[in-house]
Amino acid sequence: MNQREIKALISLLDDEDHEVSQHVEGKILSLGGNVIPFLETEWEESFNPIVQRKIEELIHELQLSIMIERLQAWKNGGGLDLLEGLWIIATYHYPDLSMEKLRTSIEQLYYDIWIQFQEEMNAVDQVKRINSIFFGTMNFAANTKNFHSPSNSMINVVLESRRGNPITLCVIYLLIARKLGMPVYGVNLPNLFVLTYKSDKTQFYINVFNRGIIFSKTDIDHYIAQLNIKSKDIFYQPCTNLEIVQRVLRNLILSYEKTSEQEKIREIEKILKSTLDDQDDN
């Protein structure tokens, strides 16, 4: 469809006949994300609040579809780039967010640590060196004041504010550690996301939410015992990038449950479901 035809369609959004307006909405949605710039132009030029509201809803619906398509393509491609997965989630709130801007931010953090990093140090000392910079001069810290804020799941916000929840802080830390050549991975503990340093000879754990404190398998044993739940292998071993993204989405659902934003809960559940295989427990 050309711009004139799209413009004619949009003019019917406030048609008094409900069936007509519904048909028009369906037709616009079928055009896909390419129609968004036309909708934005029409919103700016419209003086009809009903049409403006419907355009806003249509743009949001289209952006949601784009996000789900991106996430499924990322998953089907093996979920290799963790930063890309977190970028896709952040586009839920920030649809115009630049992936390259995020990548540049991570590169800068990596460089600022790399110039003070020594590869010949043992693993524990390497982590302690990262900790001294990450939580020191870089000033990253746990967002304990607004722990359940949805912003804590938005990596762009955490990179700017230097405050986040366990999983977003872990992701940023992990991305830097990986660039430094360290075998660092995410670990899905109940109620807490942590990292593990795992090589052929060494394995220990890092609690990034608690300023990078180092702990052992025995500490996890005690933690699981305190929770009074059955121990599972996943509590000790690396998880996949896809599992990290799914946990971020589950955190977002919890955030919106705290504020009773039912529509957002439904949307994030839909996004999460698009990443799950039929046999997965959702």
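User: Where does R211 lie, and between which elements?

Analyst: R211 is placed in the loop that links strand 5 (203–207) with strand 6 (213–215), where the elements are DSSP runs numbered from the N terminus, helices being H or I over at least four residues and strands E over at least two. The model is predicted, so that local features need a pLDDT of at least 70 and side-chain atom pairs count only at pLDDT 80 or more, whereas totals for chains, interfaces and linings use all residues. Residues are numbered from 1 along each chain as its sequence is written, and side-chain values use heavy atoms, with hydrogens and water left out.

User: Why is R211 called exposed?

Analyst: The relative accessible area of R211 is 51%, and the term exposed applies over 50%, with buried meaning under 20% and partly exposed lying in between (1.4 Å probe, protein chains only); R211 is therefore exposed. Its phi is positive, at about 55 degrees, although R211 is not a glycine.

User: What makes N165 count as buried, and which residues does it contact?

Analyst: N165 has a relative accessibility of 5% and therefore counts as buried. This residue is found in the loop between strand 2 (163–164) and helix 9 (166–179). Once its neighbours within four places in sequence are left aside, N165 is in contact (heavy atoms within 4.5 Å) with F147, N152, S153, F209 and N251.

User: How do you know that N191 is exposed, and where does it lie?

Analyst: With a relative accessible area of 66%, N191 is classed as exposed. N191 belongs to the loop between strand 3 (184–189) and strand 4 (192–198); these strands form a hairpin with 2 residues between them, in which N191 takes a positive phi near 65 degrees, a positive value in a residue other than glycine.

User: Why are strand 3 and strand 4 said to pair, and in which sense do they run?

Analyst: Two strands pair if DSSP finds at least two bridges between them; strand 3 and strand 4 are joined by 6 bridges and run antiparallel, and therefore meet that criterion. Within this pairing, V187 stands opposite V194 in strand 4, and G186 stands opposite L195 in strand 4.

User: What joins strand 4 to strand 5?

Analyst: Strand 4 and strand 5 pair in the antiparallel sense over 4 bridges, and the bridge partner of Y197 is F204 in strand 5. The two strands form a hairpin that has 4 residues between them.

User: Why is strand 4 described as largely enclosed, and which strands stand at the edges of the sheet?

Analyst: Strand 4 is largely enclosed by the rest of the structure because 6 of its 7 residues are buried. The open sheet consists of 4 antiparallel strands in the order 3-4-5-6. Strand 3 and strand 6 stand at its edges, each with a single partner strand, so one side of each has no neighbour in the sheet. From one strand to the next the twist averages 35 degrees.

User: What lies across strand 3, strand 4 and strand 5?

Analyst: Helix 9 lies across these three strands and runs at about 20 degrees to strand 4, where axes are lines fitted to C-alpha atoms, for helices over the stretch in contact, and angles run from 0 to 180 degrees between N-to-C directions.

User: Why are helix 4 and helix 11 called roughly antiparallel?

Analyst: Helix 4 (residues 49–76) and helix 11 (residues 241–258) pack at about 155 degrees with their axes 10 Å apart. Angles over 145 degrees count as roughly antiparallel, under 35 as roughly parallel, 65 to 115 as roughly perpendicular and the rest as oblique, and the two helices are therefore roughly antiparallel to each other. In the contact, L71, W74 and K75 of helix 4 meet N241, L242, V245 and L249 of helix 11.

User: How do helix 4 and helix 5 stand to each other, and what makes that description apply?

Analyst: The axes of helix 4 and helix 5 (residues 82–90) come within 10 Å and cross at roughly 165 degrees, which means that helix 4 is roughly antiparallel to helix 5. M67, R70, L71 and W74 in helix 4 meet L82, E84, G85, W87, I88 and I89 in helix 5.
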